[in-house]
Amino acid sequence: MVVYLVGAGPGDPDLITLKAVKILKNADVVIYDRLANDEILKYAENANLIYVGKKAGEHYKTQDEINQILIDEAKNYERVVRLKGGDPFVFGRGGEEILALLKENIPVETVPGVTSAVGVPTSVGLPVTHRGVATSLTIVTGHEDPTKSEKQVKWDFKADTIIILMGVGRLDDNTRELMKYRDPKTPVCVIENGTMPNERIITGTLENITRKDVKSPALVIVGRVVDVFQRIQR
Ligand SMILES: C[S@@+](CC[C@H](N)C(=O)[O-])C[C@H]1O[C@@H](n2cnc3c(N)ncnc32)[C@H](O)[C@@H]1O
């Protein structure tokens, strides 16, 4: 038995790795999330498919339940694939799943995926670093677990570029926090459904982006690299 923790990439099925495809072809079971493009599942031609995806505010399975499914399937099958959108370790809770499996002495192999955090901006031609403009970037959740007793996200980041995942639901709060430390005119780009046919790109500034209609799943990119992107687009 082995569990492969595999990144599926940001959406476009062509952005999955060859290694992930090889593993899917030999899988006995694939346990997958909503964000992984369903087309990718065609590679898992001989596998049982188990959907454990979650929607915002409507949990289909708790993380503990998912961990238990992984453990049970690994005890019954040789090759179990845990397929996750983007990269399994970028806000993917992959670390929690590995720890739960290792506790049961189940071996795990990890396969990186193209994370939406960087893959989506690159796919539209938005450089997340740019010589003379941005030499550092922060990737942050815009939806910190509200049950945490103390907030870990302080929003006073020093990095030039800020990339917010899961940032649509609280865009108002997040931009207000950022404006405590940054110019309200700082450029912002929101990319909805990046790399997918229904992709949408919305640009604005910290002070006006919330007036535009943005929908999840989306990335929020904050910083002067958005100006570079607009120059590249022209
Ligand atoms: C739970 S996180 C998982 C991230 C994933 N592990 C990764 O590396 O891309 C989900 C968030 O990723 C971002 N996201 C994932 N796929 C996206 C896409 N195709 N376009 C825009 N944002 C995306 C959104 O911010 C979404 O709310």
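Begin by selecting Gly-194 together with the ligand: a backbone N or O atom of Gly-194 lies 2.8 Å from a nitrogen atom of the ligand. As you go on, bear in mind that this is a predicted model. With the ligand still displayed, consider how much of its surface is covered: on its own the ligand has 570 Å² of accessible area, and the protein covers 89% of that.

Next, add Gly-85 and Ser-116 to the selection. A polar backbone atom of Gly-85 is found 3.0 Å from a nitrogen atom of the ligand, while at Ser-116 an N or O atom in the side chain is 2.7 Å from an oxygen atom of the ligand.

Now widen the view to the whole shell, which has 18 residues around the ligand, with Val-90, Thr-115, Ser-116, Gly-194 and Ala-218 coming nearest. If you colour this shell by class, you will find 11 nonpolar, six polar and one charged residues. To see which elements contribute, show helix H4 (116-124) and strand E10 (218-222), each of which supplies at least two residues of the shell.

Leave the ligand and select helix H3, residues 94-103, whose buried residues are Gly-94, Glu-97, Ile-98, Ala-100 and Leu-101. Turn the model until you look down the axis of H3: the buried residues fall within an arc of 165°, so they line one face of the helix. On the face turned away from that buried side, pick out Leu-99 and Lys-103, which are exposed.

What, then, covers the buried residues of H3? Display strand E1 (2-7), helix H2 (63-76), strand E4 (79-84) and strand E5 (108-111), which are included in that cover. Before moving on, step just past the end of H3 to Asn-105, where the backbone takes a positive phi of about 60°.

For the last stop, select Thr-141, which is found in strand E6, residues 137-141. Is Thr-141 buried or exposed? Its relative accessible area is 11%, and because buried means under 20%, Thr-141 counts as buried. To see its surroundings, show Phe-91, Val-153, Trp-155, Ile-164, Leu-165 and Met-166, with which Thr-141 is in contact when its neighbours within four places in sequence are left aside. Finally, add His-143 and look at its backbone nitrogen, which lies 2.9 Å from a polar atom of the side chain of Thr-141.

Terms used:
Residues numbered from 1 in each chain as written. Predicted model: local features only at pLDDT ≥ 70, side-chain atom pairs only at ≥ 80, totals over all residues. Heavy atoms only, no water. Helix = DSSP H or I, 4+ residues; strand = E, 2+ residues; numbered from the N terminus. Buried < 20%, exposed > 50% of the residue type's maximum accessible area, 1.4 Å probe, protein only. Polar contact = N/O pair within 3.5 Å; in protein donor to acceptor, adjacent residues only side chain to side chain. Contact = heavy atoms within 4.5 Å. Arc of directions from axis to C-beta. Near = heavy atom within 4 Å. Areas by Shrake-Rupley, 256 points an atom, 1.4 Å probe, with all protein chains shown as cover. Nonpolar A, V, L, I, M, F, W, Y, C, P; charged D, E, K, R; others polar.
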